[in-house]
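Please work through the exercises below with the sequence and the three-dimensional view open beside you. Each task is followed by a solution that proceeds step by step.

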Amino acid sequence: MYKQLQQRLSEHVRAFLRRQYALDLPNIVIEQPPRVELGEYALPLTFELAKKLRKAPRKIAEEIVAGLGPIDGFDKLEVAGAGYINARVDRAALARALAEGQGMAPESQPGKILVEHTSINPNKAAHIGHLRNAILGDTFVRLLRAAGNNVDIQNYIDNTGVQVADVVVGFTELEKKSKADVAALIAAPKPRFDYYCWDLYAQVSHWYEQDKKNLEARGRALHAIEQGGNELAEMAELISTSIIKLHLETMERLEIEYDFLPRESEILRLHFWEAAFQKLKDHGVLYYETQGKNAGCWVMRRAKAAAAGAEEVSEEDQKVIVRSNGTVGYVGKDIAYHLWKFGLLGRDFGYRRFHRYPNGHQCWVSSDYEHGEADHPHFGDVSAIYNVIDARQAEAQNTVVEALRGMGYNQQAGHYTHFSYEMVALTPRCAQELGYTLSEDEWGKSYIEVSGRRGFGVKADDLMDALIASVRKEVDSRHSELNGEERQAVARQIAMGALRYFMLKFTKNSVIAFDFKDALSFEGDTGPYAQYAVVRASNIFRKAGVEPEQVKAGDFGKFLEGEAGNEIWELWLTAAQTSQVIEQCIATTEPAYAAKHAFQLAQLFNNFYHRHRIIGEPDQDRQAFLFATAAVVRRELTRVLALMGISVPPVM
RNA sequence: GCGCCCUUAGCUCAGUUGGAUAGAGCGUCUGGCUACGAACCAGAAGGUCGGGAGUUCGAAUCUCUCAGGGCGCGCCA
């Protein structure tokens, strides 16, 4: 309703400007005054109008305020400063609406949105960079759903690429293992298979560096895997499938789930590329190069040359899509895959059940038609897509969009969003703690990039275990009344909340320089701080024997007036803005705003909690008001945290 | 060489379409537990928003330029 009030205000002002000055402003800027006692909304438009109307801003503001008349939901408008128009809402009415929970259910949006995230190569354990991807993606899904959207979650699996091939080479060439040996390793309880492959992958990379000839083994493995129907391909399948399962388990610890896992093997075997290739040729997006270094390749014009409309496309402006040996590169497969996403390919995957979550949710995997199950849901064919992929792949993403445009799919290209984010790196100190020897050069840097190839990084599960252990100590010292299992459950919730919050508090395009000290901090701007605020609110209701959901709205107007009222009103006002924040997060693809909002709300509540005793409050009306305040904040803060995938433990 | 991103307090970061006195957290110093448990609160110190120029009534935000840092630019994925 906070937003409805803003819209109403904006419409009244626009109508007045048309009436009075014959001006039609497309959008009226509305912001929040620096302090709540100045009002809820501020309009700086008179500064802009001063020139057009040849009047002083303050004069214009006075005319607008005088001429506007009463607006439903507002108490009054005031002129402030050099010419701001500040609007004061009817606090009692807004508080009542909020306490009654009006306008909580979102309008259902048409169409379907596809969010792709995680997409870890299935050849090693997940690391902290993958966690950032999955947490950003999962949070964005929750935000979209909260805004009434129908969302499919996909996790793309590159099970036929070099990374899997490298681990196959590690097993066959370095460890001389057979498929049966690998199967035994997977079945063994002791070394986690994804951890084992993490080390093996690093060893293989090192082995390639020792002698370039060793790379021939990779070529052979890659070829065998793409062909299929041989021991190497079966070993690759075994490796990737077991590692995908471990990745799903890792993400399940954070309550991150998927609907569908499209695999590259099916994109190859179901001939997605052939269908896309034909379309690309038909639309003239690809052409066959006969000269120069790209002779014999099918190439695409790159952005600059295409935009300039140059007749002669120089070699530098070409992007090779099909190599001279006839094989298709990564971008080609990606174009085919995205045609499928938008329902433009004319082909579909086969589908098999892959994993069933404890809550009954089913995750599907792509399959050939022969092994597909008939009763699968309809995937793909969506109206908008968001690909959560790190910033380094921006160029490849742009190429896919260009290809769509080139084929005339402008609408789809416009609904293709590269949800780009920066990497998680390690501080030099953290790298040293992990036993990595740093060069002098590296000590001078503010962060050091992780590298799966070198086996250098913090594994996702190791971090989660460290967080849980650290939280557990604290829970043990505070809650002797709980048994071990209960304490562990509380520790898990707090630890996962801390982790998710940590990954969300930074804006997407800032590089996170990871350090255990920061990540293991539970005070201040952290997940546990926000969780704790909710627990405190819950404690009040538990002690008082009152159900927070049963708290009734009353006439709170008199408690929201004056200086004392302003303080608490700021809390109500912030709580009222949750829906607005959700929209803002979606419009800017920036979940960090949700984290900021949660922190602000928690901070204001903690302050309120400290200043006002509720249970001992003698005035019945005032106590009802304080209960209502706590109930609304508790509800809204819980809701924002849920959007971030953070649940609140019963005690802290 | 071309393209994208970054530079704000000692450290880590916010600052949405240009708006009122540039904000948090951590760290430092000071103070506050009688259970609505302090994973908290209050207060203090700390800023030429990388440098310079421009546009504007108004610039951390837009433009140009310089400096510093990062990431991409393959018949890899």
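The exercises that follow concern a predicted model, and they treat its strands, two of its loops and the surroundings of its RNA strand.

**Exercise 1. Determine the order of the strands in the sheet that contains E1, E2 and E3, and find which strands stand at its edges.**

Step 1. The sheet is open and has three strands in the order E1-E3-E2, with antiparallel pairing. Strand E1 (41–43) and E2 stand at the edges, and because each has a single partner strand, one side of each is left without a neighbour in the sheet. On average, neighbouring strands of this sheet are turned by 20° against each other when direction is ignored.

Step 2. Look next at the pairing of strand E2 (residues 74–80) with E3, which run antiparallel and are joined by six bridges. Phe74 has Val89 in E3 as its bridge partner, while the bridge partner of Ala80 in E3 is Tyr84. The hairpin of E2 and E3 has three residues between the strands, and in it Gly81 takes a positive phi near 60°.

Step 3. Finally, place the helix: H1 (residues 2–21) lies across E1, E2 and E3 and runs at about 25° to E1.

**Exercise 2. Describe the sheet formed by E7, E8 and E9, and state which helix lies across these strands.**

Step 1. This open sheet of three strands has the order E7-E8-E9, again with antiparallel pairing. Strand E7 (286–288) and strand E9 (318–322) are the edge strands, each with a single partner strand, so one side of each is left without a neighbour in the sheet. From one strand to the next the twist averages 40°.

Step 2. Strand E8 (residues 298–301) and E9 run antiparallel and are joined by four bridges, and Met300 has Lys319 in E9 as its bridge partner.

Step 3. The helix sought is H12 (residues 272–282), which lies across E7, E8 and E9 and runs at about 85° to E7.

**Exercise 3. Decide whether strand E11 is enclosed or open to its surroundings, and work out how E11 pairs with E6 and E10.**

Step 1. Six of the six residues of strand E11 (residues 362–367) are buried, and therefore the strand is largely enclosed by the rest of the structure.

Step 2. In a regular strand, side chains alternate between the two faces of the sheet. In E11, Gln362, Trp364 and Ser366 point one way, whereas Cys363, Val365 and Ser367 point the other way, and all are buried.

Step 3. Strand E6 (residues 260–261) runs parallel to E11, with two bridges joining them, and Leu261 stands opposite Val365. Strand E10 (residues 350–356), by contrast, pairs with E11 in the antiparallel sense over six bridges, among them one in which Arg356 has Gln362 as its partner. The hairpin of E10 and E11 has five residues between the strands, and there Gly360 takes a positive phi near 95°.

**Exercise 4. Ala22 and Thr118 are residues other than glycine with positive phi; locate each and classify it as buried or exposed.**

Step 1. Ala22, with phi near 55°, lies in the loop between H1 and E1. Its relative accessibility is 67%, and because exposed means over 50%, Ala22 counts as exposed.

Step 2. Thr118, with phi near 75°, is found in the loop between strand E4 (112–116) and helix H5 (128–146). Since buried means under 20%, Thr118 at 5% relative accessibility counts as buried.

**Exercise 5. Characterise the protein surface near RNA strand B, beginning with its residues and ending with individual polar contacts.**

Step 1. RNA strand B is surrounded by 64 residues, of which the closest are Tyr84, Thr507, Ile540, Tyr609 and Arg613. By class, this surface has 27 nonpolar, 16 polar and 21 charged residues.

Step 2. Of the RNA atoms within 4 Å of the protein, 62% belong to sugar or phosphate, and the rest belong to bases.

Step 3. On the base side, a side-chain N or O atom of Arg35 is 2.9 Å from a base oxygen, and a polar backbone atom of Ala295 is 3.4 Å from a base nitrogen. At the phosphate, a polar side-chain atom of Asn539 lies 2.9 Å from an oxygen.

Step 4. The elements that give two or more residues to this surface include helix H2 (45–53), strand E3 (84–89) and helix H25 (592–611). H25 gives the most, with eight residues.

Technical notes. Residues numbered from 1 in each chain as written. Chains lettered and ligands numbered in written order. Predicted model: local features only at pLDDT ≥ 70, side-chain atom pairs only at ≥ 80, totals over all residues. Heavy atoms only, no water. Pairing = 2+ DSSP bridges. Axes fitted to C-alpha atoms, helices over the stretch in contact; angles between N-to-C directions. Contact = heavy atoms within 4.5 Å. Near = heavy atom within 4 Å. Polar contact = N/O pair within 3.5 Å; in protein donor to acceptor, adjacent residues only side chain to side chain. Nonpolar A, V, L, I, M, F, W, Y, C, P; charged D, E, K, R; others polar. Buried < 20%, exposed > 50% of the residue type's maximum accessible area, 1.4 Å probe, protein only.
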